[in-house]
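Biologist: Could you take me through this model? I would like to start with the overall layout and then turn to the details.

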Amino acid sequence: MDILYYLIILYIFLIIVIVFSLIFLLFAFQTIITIIKTKVPFARTPDENINKMLAELKRQNIPPGSRLYDLGCGNGRVLFEAEKHGYKSVGYELSLYQYLRGLIKKKLNRSKVKIIRKDFMRQDISDADVIFTFLVGGVMSRVGEKLKNNLKKGTIVISYGFTIAGWKPDKVLETKPSLTYIYRI
Ligand SMILES: C[S@@+](CC[C@H](N)C(=O)[O-])C[C@H]1O[C@@H](n2cnc3c(N)ncnc32)[C@H](O)[C@@H]1O
């Protein structure tokens with residue numbers, strides 16, 4: 001009887017370990033596929049830099065209610081901060097793990113930000129007033145083409161860490177460890 005009891009406990013324990021391992025493997029696999037597809041790994045913009053970027057928007061008189069997109073929004077950190085400043089925040093993210101983290105944070109914060117699991121390169125973002133990106137140098141010229149063709153005149157484009165090839169920034173913010181480039185279409 002005792003042995004049967006321990007065997008059942010062991011069996012349940014093994015099932016739990018297997019289920020968690022499968023979930024972990026699924027996320028790891030999907031993350032690797034996303035990085036191969038987008039050539040952009042996840043990294044976070046430091047909080048201090050998000051605050052500087054939002055302060056700059058205020059300095060440029062971008063009013064609350066304006067629409068801000070984070071292209072490759074990770075777990076939505078920029079979106080949630082922008083929402084606190086009154087911006088309508090929308091983010092695109094392909095990584096399932098980061099996307100789900102964003103949805104959980106949205107629920108917990110009772111936030112109205114939109115986080116969409118789609119490739120931003122294929123979306124219409126022409127209603128943007130502000131674009132934020134933190135990607136990598138290798139994709140920036142393709143992203144620049146997309147923004148030039150899709151955005152309306154006057155839209156502000158903020159790129160943390162990487163310049164957009166062929167574009168001249170209006171302003172460069174002294175952020176660390178990398179600079180933040182501000183452009184206007
Ligand atoms: C360096 S992280 C930046 C995360 C967040 N914006 C931040 O600043 O904290 C870039 C994110 O962009 C996502 N990404 C890259 N290309 C994408 C695409 N074409 N469509 C949607 N998401 C993309 C990646 O999965 C990654 O999570």
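Modeller: The following covers the overall layout, the ligand shell, the sheet and two backbone features.
This is a predicted model, in which local features need pLDDT of at least 70 and side-chain atom pairs count only at pLDDT 80 or more, while totals for chains, interfaces and linings use all residues. Residues are numbered from 1 along each chain as its sequence is written.

Biologist: How many helices and strands are there in the protein?

Modeller: The protein has 5 helices and 7 strands. Helices (H or I, at least four residues) and strands (E, at least two) are DSSP runs, numbered from the N terminus. From the N terminus on, their order is α-α-β-α-β-α-β-β-α-β-β-β.

Biologist: Is the protein compact or spread out?

Modeller: The radius of gyration is 20 Å, well over the 16 Å that the globule rule gives for 185 residues, so the protein is more spread out than a compact globule. This radius is taken over C-alpha atoms, and the rule is 2.2 Å times the number of residues to the power 0.38. Along the principal axes, the C-alpha atoms fill a box of roughly 75 × 35 × 30 Å.

Biologist: Into which domains is it divided?

Modeller: Domain 1 covers 1-38 and domain 2 covers 47-184; such bounds come from an automatic or database domain assignment. Their C-alpha centres lie 35 Å apart.

Biologist: And how many residues are in contact between them?

Modeller: In domain 1, 5 residues are in contact with 4 residues of domain 2, where contact requires C-beta atoms, placed from the backbone, to lie within 7 Å. The side of domain 1 that touches domain 2 has 1 nonpolar, 4 polar and no charged residues. Here Ala, Val, Leu, Ile, Met, Phe, Trp, Tyr, Cys and Pro count as nonpolar, Asp, Glu, Lys and Arg as charged, and the others, Gly among them, as polar.

Biologist: Changing topic: which residues are closest to the ligand?

Modeller: The closest are Thr 38, Val 40, Thr 45, Gly 72 and Gly 74, in a shell of 23 residues. A residue is counted as near if its C-beta atom, placed from the backbone, lies within 6 Å of the molecule. The shell divides into 11 nonpolar, 7 polar and 5 charged residues. Helices α1 (2-38) and α3 (77-84) each supply at least two of its residues.

Biologist: What is the strand order in the sheet?

Modeller: The open, mixed sheet has 7 strands in the order β3-β2-β1-β4-β5-β7-β6. Strands count as paired if DSSP finds at least two bridges between them. The edge strands, β3 (114-116) and β6 (171-173), each pair on one side only.

Biologist: Which pairings are parallel, and which antiparallel?

Modeller: Among them, β1 (67-71) and β2 (88-92) are parallel over 5 bridges, with Arg 67 opposite Lys 88. Strands β5 (156-160) and β7 (180-184) are antiparallel over 5 bridges, and Ile 156 has Arg 184 as its bridge partner. Strands β6 and β7 are also antiparallel, over 3 bridges, and a hairpin joins β6 to β7 through 6 residues.

Biologist: What about the backbone in that loop between β6 and β7?

Modeller: Pro 177 lies there, and the peptide bond from Lys 176 to Pro 177 is cis, with omega near 0 degrees. Elsewhere, Lys 39 has a positive phi of about 65 degrees although it is not a glycine. Lys 39 is in the loop between α1 and α2 (47-59). For context, most residues other than glycine have a negative phi, and most peptide bonds are trans.

How values were computed: Two residues are in contact if their C-beta atoms, placed from the backbone, lie within 7 Å.
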